[in-house]
Amino acid sequence: MDSKKNNQKLKQLKEPAFIVKPVAKNYGLDYLHLTLIVLVAVLVLLAFGLSYSKPAKVITCTGVCSNSTHNSTAVLAAAESYLASYRSLNSSISLIPYYSLPNQSTVSYMPSDKQWLVTMPYVDPLSSNSIFNITLVMYDSNLSVRQAYLQSIKPPGISNYSVAGLGAISLTTQAECSTTKPIPVYLFADPYAPGMLSALRTAIKASTAYGNSIKMNYYFVFSGYSVSKYKGYGVNTTQYLGRYLSCAAKQQRFNDFVSNLSIGYDGSPLSNLTLYQMALGSGLNTSALGSCIDNTSTSLAYQADLYKSYQVINTPQFVVNCKYLTLPETLDYAINYSLANTK
């Protein structure tokens, strides 16, 4: 497919002209990724708190405990007030005050530390209404909170993977990879996955920020998000976006194409004509682009195989240096961790 052939298609299809102007637009993340970010923060907080905790004798009492300044009633009332303040946080933790079960709380006193331990159950609507606990450690002297702990979902079992560092999950399935800089970074994304455009911008930004230290690779797969579009739009029309993205990523003006894509992309498949006009407006080499698109079947099949070999569950996600799986939100952590461990 060359530029003359595409110009003929423009006349035949009689679709309205699409005016493209580079524009920056931040796309929001889906609830799954937001929840994962919150979970990472909670785990870090939990690890920090446990590192400073020390064994203490715990006494459960309903009235005034021996040598305590406050009684359990006052302690629980203070704990309820602290929990209510979570509602102002801009995260899923803000749901806790509305799903807490204060009448099922346990209040205990640690005389050796002169601290109170308040454990209150709460219903997690994001985990099929499972019941977990939030625990507050409070000073007896003024009932201020020393530390808070959130119970989360119990691990379903031991994994073949392991947590290597902040933002980096170590993979056991690894392809042959460079052990020197620039290290490869793979972005796996379904074109219709929530947060796809945001992940592309993260990848482009990282490519600029880390320069010759990394080599960014863009892999597009047709997972469940794409399959859900097949019935309404057809396979070919649905897959146009993935083919254009895969080929546009090979050119220097890819950033402009992503910017233009943000104008007309609303999560639904775009026509071949519309995508071609975006490519023209982005300054892409349309001859090279057309030749690439005509031969994307083999490359996309390879990308799908690589996606499966790394056992990526959800997209968009990154694989850094063929060793570490990470989210777009934690890409910098994983890159820095990998670079620190690369000669």
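Two strands pair if DSSP finds at least two bridges between them. Helices (H or I, at least four residues) and strands (E, at least two) are DSSP runs, numbered from the N terminus. What you see here is a predicted model, so local features need pLDDT of at least 70 and side-chain atom pairs count only at pLDDT 80 or more, while totals for chains, interfaces and linings use all residues. Residues are numbered from 1 along each chain as its sequence is written, and side-chain values use heavy atoms, with hydrogens and water left out.

**View 1. The whole chain.** Let's start with the overall picture: the chain has 12 helices and 11 strands. Of its 343 residues, 45% are buried (buried means under 20% relative accessible area, exposed over 50%, partly exposed in between, with a 1.4 Å probe and protein chains only). Take the contacts (heavy atoms within 4.5 Å) between residues at least 6 apart in sequence: 68% of them join residues at least 24 apart.

**View 2. An open sheet of 6 strands.** The strands line up as β6-β7-β11-β10-β8-β9, and their pairing is mixed. At the edges sit β6 (162–165) and β9 (214–220), each pairing on one side only. From one strand to the next, the twist averages 30°. As a general point, strands of a sheet pair through backbone hydrogen bonds, either parallel or antiparallel.

**View 3. One edge of the sheet, at β6.** Here β6 and β7 (residues 168–170) run antiparallel, joined by 3 bridges. Look for S162, which stands opposite S170 in β7.

**View 4. Strand β8 and its neighbour β9.** Strand β8 is mostly covered, with 7 of its 7 residues buried. I183, V185, L187 and A189 point one way, P184, Y186 and F188 point the other way, and all are buried. Next to it, β9 runs parallel to β8, and 7 bridges join the two. You can spot A189 opposite F220 in β9.

**View 5. The largest nonpolar core.** A nonpolar core is a set of buried Ala, Val, Leu, Ile, Met, Phe, Trp, Tyr and Cys residues joined through side-chain atoms within 4.5 Å. This one has 45 residues, and those with the most contacts inside it are L200, Y218, L245, F254, F257, L261 and I335. Helix α5 (residues 196–210) gives the most to this core, with 8 residues. Zoom in on F257: leaving out residues up to four places away in sequence, F257 touches Y244, L245, A248, L275, M278, A279, S282 and L284. There is also a second, separate core of 21 residues, which includes C65, V107, W116 and V118.

**View 6. Helices α7 and α11 crossing.** The axes of α7 (residues 235–248) and α11 (residues 296–309) come within 11 Å and cross at roughly 90°. Axes are lines fitted to C-alpha atoms, for helices over the stretch in contact, and angles run from 0 to 180 degrees between N-to-C directions. The two helices are therefore roughly perpendicular to each other (angles under 35 degrees count as roughly parallel, over 145 as roughly antiparallel, 65 to 115 as roughly perpendicular and the rest as oblique). Where they meet, R243, S246 and C247 come from α7, and T296, S297, L300 and Q303 come from α11.

**View 7. T238 in helix α7.** T238 counts as buried because its relative accessible area is 0%. Not counting residues up to four places away in sequence, T238 touches Y192, S226, K229, Y230, Y233 and P269.

**View 8. The loops beside β10 and β11.** In the loop between α11 and β10 you'll find P316, and the peptide bond from T315 to P316 is cis, with omega near 0°. The loop between β10 and β11 holds N321 and also C322. N321 has a positive phi of about 55° although it is not a glycine, and phi of C322 is near 60°, again positive in a residue other than glycine. N321 counts as buried at 1% relative accessibility, and C322 counts as buried at 0%.

**View 9. L327, after strand β11.** L327 lies in the loop between β11 (324–326) and α12 (331–340). L327 is buried, because its relative accessible area is 11%. L327 and I169 are 158 residues apart in sequence, yet 9.8 Å apart in space, C-alpha to C-alpha.
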